[in-house]
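Work through these short exercises with the structure open beside you. Try each task before you read its solution.

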Amino acid sequence: MKISVIGCGYLGAVHAAAMASLGHDVIGIDVDEVKVDALTAGLPPFFEPGLSELLLAGQDRGSLKFATDISQVAGAKVHFICVGTPQKAGEFAADVTYVDAAVESLRPHLDTDSIVVGKSTVPVGTAERLAGAISESGASLMWNPEFLREGHAVDDTLHPNRLVYGVADGEPGKRATRYLDEVYAEMLSDSLPRLITDFATAELVKTAANSFLATKISFINAMSELCEASGADVTQLADAIGMDDRIGRKFLNAGLGFGGGCLPKDIRAFMARAGELGADQAVAFLREIDSINMRRRVRIVDIARDALHGSFIGKRITVLGAAFKPDSDDVRDSPALAVARLIATQGGVVTVTDPQAIDNASKSFPELNYVINTSDALLNADAVLLLTEWREYQDLDPKQTASLVAGRILIDGRNVLSPELWRKAGWTYRALGRP
Ligand code: UGA
């Protein structure tokens, strides 16, 4: 089937490559020529394991192309909208102008034999608003939210745990379902659950899922605050409550909290949209989720300053990790970089290292010092803060690390190191929610 993908950022680039690997003929459209050129060369403009191979395989087969010219979508039966919906400047709401522009640019190319499938995360009510304009051209609209995680994007796209189709009533909805079933036929043959809902439910599934994940993280981080107040250990607490399969251990890793391009902006957009709908009380708790999350950043700075006897002035601080999470080079709302900047503003001489995210970090925050090699970054540090749990940092040897630094102070912002091992090697080990 000929497919178009509008917007080739994280979601779109991975979706286009994944659809081509399922045997479809895919054209990815993006306004950014540099991105289009990079994707055409099989070089993703971001770090995502497995994506480059998928891009090259699609291009070798001749079934995957990227372009800036929207007229190249001609003849496609299914058009996926994968553009971003960032937080609006100066407010909580999501900016849906890229979604609106994508629909507008597609309209001249739609007919009764085509469907538009929204995948972007949008405020509830967006699909209903867009459906009229799309049906005027004879096409049908559906919303099919995406649940991929950065760092696992290829696998999550090709092997999701469910598909959600938000469709219109009657024949337009049935037609859209038939077309999308054809696109996903190979995935559906593995008895993958597929839920058919109305537009609003499909949109809410995505926002609710991300809100739940954010809530789970902030819940354990709130427990972490109580552990600090009472001398308990939040990692043992998480293990113990997580053994109840009604609770589950996943997303109960206490530490510096969540960042990235999705969870923080999605909970804020959800609060803004709920307010517009007169249902703000229903998600008022998300404000607390957000503030628990933000408190972690301040708290770790306090712990580090305390370990340095009350001041960062003139102290050399090494921050391990700049990405918002491991296996990613994404620094959007990165907790690690937020902490690095806070320490720098308090007089610390901060050096940041990361296996993948230094380019992006240095573009966003040029005022910090960046060093690629971990050992070089650790050299003569007065304190080391592990803020993004890359495997490489989890595997650091306490004795060997001690030979590089000036002061044996280790702040474990992700609760991934063994306090016993590090203390045995003479380190002052401090963490969030652990004695
Ligand atoms: C998130 C969701 O997990 C995906 O399902 C969703 O599709 C995606 O947003 C999206 O909306 O596009 P992602 O932003 O890639 O995916 O990252 P996560 O793996 O969810 O991690 C988010 C943040 O939470 C990271 O900063 C991570 O370090 C933090 N986290 C995660 C914790 O602090 N503790 C945990 O136990 C888990």
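## Exercises on a predicted model

The domain assignment splits the chain into domain 1 (2–197) and domain 2 (207–435). The model is predicted.

**Exercise 1. Find how many Å separate the centres of domain 1 and domain 2, and how many residues each gives to their contact.**

Step 1. Take the centres over C-alpha atoms: 33 Å separate domain 1 from domain 2.
Step 2. Turn to the contact, where heavy atoms lie within 4.5 Å. Domain 1 puts in 18 residues, and domain 2 puts in 21 residues.

**Exercise 2. Check whether the span of helix H9 (residues 199–230) agrees with its number of residues.**

Step 1. Helix H9 has 32 residues.
Step 2. The expected span is 1.5 Å times one less than the number of residues. For H9 that gives 46 Å.
Step 3. The end C-alpha atoms of H9 are 47 Å apart, which agrees with the expected span.
Step 4. Look just past the helix: Gly-231 follows H9 with a positive phi of about 85°.

**Exercise 3. Describe the shell around the ligand by class, by domain and by helix.**

Step 1. Use a cut-off of 4 Å between heavy atoms. There are 21 residues around the ligand.
Step 2. Sort them by class: 10 are nonpolar, 4 are polar and 7 are charged.
Step 3. Sort by domain. Domain 1 and domain 2 each provide at least three residues of the shell.
Step 4. Sort by helix. H9 and helix H11 (263–276) each supply at least two residues. H9 gives the most, with 4 residues.

**Exercise 4. Name the residues that come nearest to the ligand, then list polar contacts with its oxygen atoms.**

Step 1. Phe-147, Leu-148, Glu-150, Lys-206 and Asn-210 come nearest.
Step 2. Start with the backbone. An N or O atom of the Phe-147 backbone lies 2.9 Å from a ligand oxygen atom.
Step 3. Move to a side chain. Lys-206 has a polar side-chain atom 2.8 Å from an oxygen atom of the ligand.
Step 4. Add Leu-252, with a polar backbone atom 3.4 Å from an oxygen atom of the ligand.
Step 5. Finish with the cover. The ligand alone exposes 710 Å², and the protein buries 90% of that.

Key: Residues numbered from 1 in each chain as written. Predicted model: local features only at pLDDT ≥ 70, side-chain atom pairs only at ≥ 80, totals over all residues. Heavy atoms only, no water. Polar contact = N/O pair within 3.5 Å; in protein donor to acceptor, adjacent residues only side chain to side chain. Areas by Shrake-Rupley, 256 points an atom, 1.4 Å probe, with all protein chains shown as cover. Nonpolar A, V, L, I, M, F, W, Y, C, P; charged D, E, K, R; others polar. Domains from an automatic or database assignment.
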